[in-house]
Amino acid sequence: MDIDRIISIIKAIPYISKTIVDDTLYDKVLSYLTIALSSHSIINESFQQINIFDIIDKACQVEDQDSRVITLCIRLLGQIIYHGEATLFSRLSIQYPDLLKKVTEGLQASEPGMRCASIEACRLFINSERATEWISHHKEVKQSIIQALTDESIYVVTEACKFVSSVLHYSSTTHTTLLHSMDAFDHMKTYLQPKRDQTEVLAALEFTWNIVSLRLQSSLDCLRQTGLLASLLSLLDSTSKIVRIRVIEIVSELYTWDSNPLLTLGLTKDTDGNSLMKGYDYTLRLAMNILQHSESIDFIMTGVSLVDVSMILLTRMSYPHEAPCSTLLSVSNICLNVETKDEHYQSIVKALKGTGRAVFNRRSLLQLTLRTLNKAIPQITDTDMIMEVVKVTLNTLQMDQLSSDQRVLKSTLTLLTTLLYSLIKIDRFNDVQQILSEAIKLLVKMMDENDLVCRNLIAVFSALDDLLKHDKIGVLVRESDTSKTLVEALSLKFLDTEWDVRDAAIEFVGHLFDEPLVDNKVTFALHYHLPLGVFSRIHDSESYVRASAVDVLQKMMKCKQGWNYIQLHKQSRELASALPKLLYDSEAFVRRSALDAVTCLVNNRSCQGMAMEIENSQAQDSLNPELLRKLMYDQDPDVRVRTCILIESLWNLYHHEQQQQKRNQKDIIFFHHINAGELLIQAVMDTQRLVRIEAVRVIESILNGMDISTEDSMGKKRPLDAENTFDTEFLELLRTANLENTKQTLDPEHLYEEAFEINADMMTHSIIPTDPDDDINMLDCY
């Protein structure tokens, strides 16, 4: 970083114009100076030499100063203390007490931004022992931060919570004293009451979430000593859905890491080894009480959410414990039938019937219940119980009114996959085969529906993909008697009138060739000739469909089985001749996919089916120099990146033919005429960083590859063939690229520095030009 420029920016702070409109300038200045403070120790020394405190004090003393400047000064003050020497705060408190007074006044300011900045400065101060003592002895500061915990601005509340959380990260006596003297936990405890105003309760819950999510022993000790969470679960009776959801989130986080959650919640004083089981049983009883006595659908969903939370403790137990599957099954069956003979759950039936949104509520409750069941399945050891869950899952798929909802369908299919995985693990092959057969029939029926929305179709394809990737279940799917009807239904989707449906079907086939390759998925695709249906859409009227089809082609080229399949079928072999035309496509993503496919052909040294001409052509049926030049100047940077990769592949093909001493003059002459060197040199100077990165990589790869290939057996360099003047000129042209200077612009940090590029002169002037023709101070210059 330029130290002189940094110093000039600091010196300009007192003179920042009040008429500057761009508020982001102040954040840019702070971000730039913070990076400087954290990156270079010499910066800290330079700041002391220019007496930075004096400059900040001068900026704050300006009469009628802009509040944005004072906010910047306060935040910068915090960063200086945080990154500076331990004695720096002592100097600040003795020589510049007015600056600390600005911080304390800012805590009580009317502007939320000023309050937030002052709390941020105090949070950074506590990195210094001396500053921590100052806060600890300053009653007004502590009270202001405590009040900020329930501020009307969420940004101020969040910053105040961060302050308390930061104190908990320190273990020194000074920080412990500060924490106890603030009484933040006792203060917030008074707000965690059902009768409090909802705004105050939510602020207290935000504080509680921040403390619990720290997952520190110090935070756990404070929670237990102060009893902050003693009344947390009573908030589940709140009529506010937001409050109940927030409580569930906090309890869920606590159950994830606390070894004795009931002790932390103030529900027990026991510290024996069965604390997780007791916590699980208590949570389950609480959930059952809500489910059996609440007639509001919102409260019933809260009860199911509690069952879901209890699963966290269940999975943490070191010994097996049966999941609450019977309860979840009862709720699921009620959602399916809206009736039950069990008198314990009559309240749920009343809740579902007693509203005008019965179908919506059934879907919402069923989706939540199925999602919870999915977590419970791995903990179930009773096979009969698993089969009951299977029955509920298949019944859900049969009911169009429920399964047509995307949330319900996705949860149902996820649960079905989990069930099949669990059954195959205990070798219940016959059951798995029967379930698969029934499930596929239901899915085919669903796919045959004309009103099936694309989102639901994608969910079906995703479930099939999950089943096919399993080494045993995938074989059963492939060999199932119903798989043929499944493939027929899928093939019809390639011809669907809706383009998004066609695209989803093609992408499903593409995912079957995703890396890492799964043998079952690839075999399924090739056995049922799914790629042929994809290739038939390579000239689809919709650009997204064309791009997806070409993408499947290039994925198959990278796969050995897929490449062999392409070679065996005339329809797929002839696709090579169609690729150049796609490079002229109006949509960039189609051109990208086509470039990837052409590169794969070149890498496989199998581009004989693709016309490659040495003369420029407008026929759009061949790869030619004019086309490559057009691609290198394409408006889309990703196309330019891929063009660099294609040139590298063409060079490797050309070089391979030379080394093999084959007389395929077509390929060799083609590379001679595409002006590859000039195109790569142009790419090195591209305005897009990613294009420059790829161009530099390609040039270095070519040069390094030639250096290796020209070494003799003794490891010494030998000159290139004197007769091959093209190679010599080509390599010499690449060496003219100033790669070292270009590499300095490739690091993302370079972009950050550009983003934080602050001109000190610009900070001290208005954007309103005195001369109408003078645009030097226009807003976009900041």
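Which residues does Phe185 touch, not counting residues up to four places away in sequence? In this predicted model, Phe185 touches Val164, Leu168, Leu179, Phe207, Ile211, Cys222, Leu223, Thr226 and Leu228. That list is a good place to begin, and we can follow it into the core.

Phe185 is among the residues with the most contacts inside the largest nonpolar core, alongside Phe53, Phe125, Phe163 and Phe207. This core has 264 residues, and helix H26 (residues 429-448) gives the most to it, with 10 residues. As a general background, nonpolar side chains tend to be buried together in soluble globular proteins.

Two of the partners of Phe185, Val164 and Leu168, take us to helix H11, which covers residues 154-168. Helix H11 is mostly covered, with 11 of its 15 residues buried. Those buried residues are Val156, Val157, Glu159, Ala160, Cys161, Phe163, Val164, Ser165, Ser166, Val167 and Leu168. The length of the helix can be checked too: at 1.5 Å a residue, its 15 residues should span 21 Å, and because the end C-alpha atoms are 21 Å apart, the two values agree.

Now let us turn to the largest pocket. About 530 Å³ of space lies in it, and 29 residues line it. Lys241, Asp298, Met301, Ser305 and Leu368 are the lining residues nearest its centre. Helix H16 (241-257), helix H19, helix H21 (346-353) and helix H22 (358-376) each supply at least two residues of the lining, and H19 gives the most, with 8 residues. By residue class, the lining divides into 9 nonpolar, 9 polar and 11 charged residues.

Helix H19 spans residues 297-316, and Phe299 lies in this helix. Leaving out residues up to four places away in sequence, Phe299 touches Leu236, Asp237, Ser238, Thr239, Arg244, Ile290 and Ser294. For a sense of distance, the C-alpha atoms of Phe299 and Glu200 are separated by 22 Å, and these two residues are 99 residues apart along the chain.

Some loops deserve a look at their backbone. Asp183 sits in the loop between helix H12 (173-182) and helix H13 (184-189). Its phi is near 55°, a positive value in a residue other than glycine. Asp183 has a relative accessible area of 40%, so it counts as partly exposed, between the limits of 20% and 50%.

His529 also has a positive phi, of about 55°, although it is not a glycine. You will find His529 in the loop between helix H31 and helix H32 (530-535). With a relative accessible area of 41%, His529 is partly exposed.

Before helix H31 (519-527) there is another loop to visit, the one that follows helix H30 (499-511), and Pro516 is found there. The peptide bond from Glu515 to Pro516 is cis, with omega near -5°.

Our last stop is helix H44 (residues 739-743), where Thr742 lies. Is Thr742 buried or exposed? Thr742 is buried, because its relative accessible area of 11% falls under the 20% limit. Leaving aside its neighbours within four places in sequence, Thr742 is in contact with Val684, Arg692 and Val696.

Terms used
Residues are numbered from 1 along each chain as its sequence is written. This is a predicted model: local features need pLDDT of at least 70, side-chain atom pairs count only at pLDDT 80 or more; totals for chains, interfaces and linings use all residues. Side-chain values use heavy atoms; hydrogens and water are left out. Helices (H or I, at least four residues) and strands (E, at least two) are DSSP runs, numbered from the N terminus. The expected span of a helix is 1.5 Å times one less than its number of residues. Buried means under 20% relative accessible area, exposed over 50%, partly exposed in between (1.4 Å probe, protein chains only). Contact means heavy atoms within 4.5 Å. On a 1 Å grid over the protein atoms alone, a cavity is a set of points where a 1.4 Å probe fits but cannot get out, and a pocket is an open set with protein on both sides within 12 Å along at least five of seven lines; lining residues have an atom within 4 Å of a point. Grid points are joined across faces, edges and corners, and a volume is the space filled by probe spheres set on the points. Ala, Val, Leu, Ile, Met, Phe, Trp, Tyr, Cys and Pro count as nonpolar, Asp, Glu, Lys and Arg as charged, and the others, Gly among them, as polar. A nonpolar core is a set of buried Ala, Val, Leu, Ile, Met, Phe, Trp, Tyr and Cys residues joined through side-chain atoms within 4.5 Å.
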